[in-house]
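Biologist: I'd like to go through this one with you, piece by piece. Can we have it up on the screen?

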Amino acid sequence: MNFPSNRSGPLWRRAFFSTAFSTMLIALSGVSHADVSLDFDKTFNAVGEPRQLHFQATYKLNAADHTTELWRDRDQRLKRRTDDVVETFVFEPAKETEWRMVVLDLKHKVRTDIDRTNLFRVGHFTDWFSLSHALTRPSGAYQLVATSAPKSAEKPVADCRWYALNRNGTDSKLCWSAKVRLPLMITAADGAVQWRVTQLDVKPVTVDTYKVMDSGFARNDANADINDD
């Protein structure tokens, strides 16, 4: 990624934030043609999920391979490290819907802060579930049905159930773990693996995991940039 020489201006800060934020979201689409379609929110939700969660995964985005690691503390804190280049922290106070995000560009040592409301204002319509469960709710019409594993599918890291999702005419399959409330594998219509959890545990996560280590980083306040527009 090429960055302009002037890294202090609002335009560069917004461009970096938008790119970094996009790398941490896995957009799903999927498939199947059946008489009865399941409800997405009833099938995929956080009900009964473990209080703590840590996993590592690989995924494809724009034909490129990426790695990610995520730590989640209930519905209040999460940390995600992508390709050892970007770290993203999200903090949501208990019983509140507003959360704040901190993005660290580890290569260029830049910290960017933004709140949920301002994410919406710049066109990133995401929620806590999408951020912490690697699964984006369909925004329009879709069809979801239970299905069998693809013939060429590799074995997921743990037990999960396969579903086919069709959204906007695009087909994919995902294997959802009811135990940890997470997709353990996602394949495209041709069976190619798009997302795979490679390691998973539900051990307690230390508070220090969510400490933002930004010593020596330049700071960008994306909230101020957006509010000034």
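Modeller: Let's settle some words before we look. Buried means under 20% relative accessible area, exposed means over 50%, and partly exposed is in between (1.4 Å probe, protein chains only). This is a predicted model, where local features need pLDDT of at least 70 and side-chain atom pairs count only at pLDDT 80 or more, while totals for chains, interfaces and linings use all residues. Residues are numbered from 1 along each chain as its sequence is written, and side-chain values use heavy atoms, with hydrogens and water left out.

Biologist: Try Ala146, then: is it buried, partly exposed or exposed?

Modeller: Ala146 sits in strand E7; helices (H or I, at least four residues) and strands (E, at least two) are DSSP runs, numbered from the N terminus. Its relative accessible area is 37%. That value lies between the 20% and 50% cut-offs, so Ala146 is partly exposed.

Biologist: And which residues does Ala146 touch, not counting those up to four places away in sequence?

Modeller: Contact here means heavy atoms within 4.5 Å. One partner, Arg161, is 15 residues away along the chain, yet the two C-alpha atoms are separated by 7.9 Å. The full set is Leu38, Arg161, Trp162 and Tyr163.

Biologist: How many bridges join E7 to E8?

Modeller: Strands of a sheet pair through backbone hydrogen bonds, either parallel or antiparallel. Two strands pair if DSSP finds at least two bridges between them. E7 and E8 run antiparallel, and Gln143 stands opposite Asn166 in E8. The number of bridges is five.

Biologist: How many residues of E8 are buried?

Modeller: E8 also pairs with E9 in the antiparallel sense, over seven bridges, with Arg161 standing opposite Trp176 in E9. E8 is mostly covered, and of its seven residues the number buried is six.

Biologist: Which residue in the turn between E8 and E9 has a positive phi?

Modeller: Most residues other than glycine have a negative phi, and most peptide bonds are trans. E8 and E9 form a hairpin with two residues between them. The residue in that turn with a positive phi, about 55°, is Asn168.

Biologist: Where else does that happen? Which residue in the loop between E9 and strand E10 (182-188) should I look at?

Modeller: Over in the loop between E2 and E3, Arg74 has a positive phi of about 50° although it is not a glycine, and at 27% relative accessibility it counts as partly exposed. The one in your loop has a positive phi of about 55° and counts as buried at 10% relative accessibility. That residue is Arg181.

Biologist: Which residue does the disulfide join to Cys160?

Modeller: A disulfide is a covalent bond between the sulfur atoms of two cysteines, and here the test is sulfur atoms within 2.5 Å. A search of the whole structure finds one, with S to S at 2.0 Å. Cys160 lies in the loop between strand E7 (142-146) and strand E8 (161-167) and its partner in strand E9 (residues 170-177), so the pair ties together parts that are 15 residues apart in sequence. Cys160 is partly exposed at 23%, while the buried partner, at 1%, is Cys175.

Biologist: Zooming out, which strands are at the edges of the sheet?

Modeller: Twelve strands form an open sheet with mixed pairing, in the order E7-E8-E9-E10-E11-E1-E2-E3-E4-E5-E6-E12. An edge strand pairs on one side only, and the two are E7 and strand E12 (218-221).

Biologist: Which residue stands opposite Lys79 in E3?

Modeller: Strand E2 (residues 64-73) and strand E3 (residues 77-82) pair in the antiparallel sense over six bridges. Lys79 counts as buried at 13% relative accessibility, and its contacts beyond four places in sequence include Glu69, Phe89 and Tyr210. The residue standing opposite is Trp71.

Biologist: Last one: which residues touch the most other members of the largest nonpolar core?

Modeller: In soluble globular proteins, nonpolar side chains tend to be buried together. A nonpolar core is a set of buried Ala, Val, Leu, Ile, Met, Phe, Trp, Tyr and Cys residues joined through side-chain atoms within 4.5 Å. The largest has 33 residues, and those touching the most others are Phe44, Phe55, Met101 and Trp195.
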